[in-house]
Amino acid sequence: MTTSTSQSYLFVGLGNPGLQYELTRHNMGYLVIKSLANKLGWSFKEDKRFNALISKGMVENKSVHLILPLTYMNLSGTAVKRYLDFFKFPMTNLFVVTDDISLSFGKLKLKTMGSAGGHNGLKSVETHLGTSHYNRLKMGIGHPGEKNFASYVLDVFTQEELQVLATFVDRGVEVLLRLIKESVSQVMNAVNTTPSKDRLMPLPKKLKKALEKESIDLTKPPLQG
């Protein structure tokens, strides 16, 4: 069965490759996309044409492609542009998942356009696409305050954050699955009007298995160096 590009979805997770970055705040996009693949029972394979890890399959009779660029954050747009051009995806079916320091930890926001806000991954995507009009799911990691931005986003999650990280990631996955079945405006209305005090209940049993297929232990920080 042939699936038209209008019935195909491209979900991109922004992050940095390598074990040392797995549980850093800047890798929220990676965590959500990996968790989505786990939920669907899919695995990733490296595709050197795009310099990215790729996973794809059918969901609700629609073709879904998952991408994790293997470039570092500031070059993420290269893989996104190449993939879009190769498969001729419509821009309206592209969704980029990213961390966001302007949102409190645990808060999500779905947008169809906007500035990069100093985020190097989004800057790269915008540069390569030639537009800021593309969908992005923002996962709040909290503002660093007086701390250095670069070191803050590359720090590992705190123990307090780890207690609810799996739940937060799951909520991001739920949004992506809804986007396959519902219009962007419907999902945006539901996500962006959620009360600021989001439901992030500790679920210790889920911490271990949330990303277990990727051999990630949510209770431990990644190896350093």
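**Close-up 1. Helices α1 and α5 pack roughly perpendicular to each other in this predicted model.** The axes of α1 and α5 lie 9 Å apart and form an angle of about 70°, and because an angle of 65 to 115 degrees counts as roughly perpendicular, this pair is described in that way. On the side of α1, the contact is made by Met 28, Leu 31, Val 32, Ile 33, Ser 35, Leu 36, Lys 39 and Leu 40, while α5 contributes Leu 165, Phe 168, Val 169, Asp 170, Gly 172, Val 173, Leu 176 and Leu 177. Sorted by class, the residues of this contact comprise twelve nonpolar, two polar and two charged ones.

**Close-up 2. Helix α5 also packs with helix α6, and these two are roughly antiparallel.** Here α5, which spans residues 159-181, and α6, which spans residues 184-192, have axes 8 Å apart at an angle of about 150°; since angles over 145 degrees count as roughly antiparallel, the pair is given that description. The crossing in which α5 passes α6 is right-handed. Val 175, Arg 178 and Leu 179 of α5 make the contact with Val 184, Gln 186, Val 187, Ala 190 and Val 191 of α6, and the residues involved divide into six nonpolar, one polar and one charged.

**Close-up 3. Helices α2 and α3 cross obliquely.** The axis of α2 (residues 76-87) comes within 7 Å of the axis of α3 (residues 120-129), and the two cross at roughly 40°, which makes α2 oblique to α3. As α2 passes α3, the crossing is right-handed. From α2, the residues Ser 76, Gly 77, Thr 78, Val 80, Lys 81 and Leu 84 meet Gly 121, Ser 124, Val 125, His 128 and Leu 129 of α3. In terms of class, this contact holds four nonpolar, six polar and one charged residues.

**Close-up 4. Residues that UniProt places under the feature "binding site" are shown with the largest pocket.** The UniProt record, which is an unreviewed entry, gives this feature at Tyr 21, Tyr 72, Asn 74 and Asn 120. Of this set, Tyr 72, Asn 74 and Asn 120 are taken in by the lining of the largest pocket. Tyr 21, which the same record also includes in the feature, is found in the loop between β1 (8-13) and α1 (28-40).

Conventions:
Residues are numbered from 1 along each chain as its sequence is written. This is a predicted model: local features need pLDDT of at least 70, side-chain atom pairs count only at pLDDT 80 or more; totals for chains, interfaces and linings use all residues. Side-chain values use heavy atoms; hydrogens and water are left out. Axes are lines fitted to C-alpha atoms, for helices over the stretch in contact, and angles run from 0 to 180 degrees between N-to-C directions. Helices (H or I, at least four residues) and strands (E, at least two) are DSSP runs, numbered from the N terminus. Angles under 35 degrees count as roughly parallel, over 145 as roughly antiparallel, 65 to 115 as roughly perpendicular and the rest as oblique. A crossing is left-handed if the near helix is turned anticlockwise from the far one by less than a right angle, and right-handed if clockwise. Contact means heavy atoms within 4.5 Å. Ala, Val, Leu, Ile, Met, Phe, Trp, Tyr, Cys and Pro count as nonpolar, Asp, Glu, Lys and Arg as charged, and the others, Gly among them, as polar. UniProt positions are given in the numbering used here, feature names are shortened, and annotations may be inferred rather than shown by experiment. On a 1 Å grid over the protein atoms alone, a cavity is a set of points where a 1.4 Å probe fits but cannot get out, and a pocket is an open set with protein on both sides within 12 Å along at least five of seven lines; lining residues have an atom within 4 Å of a point.
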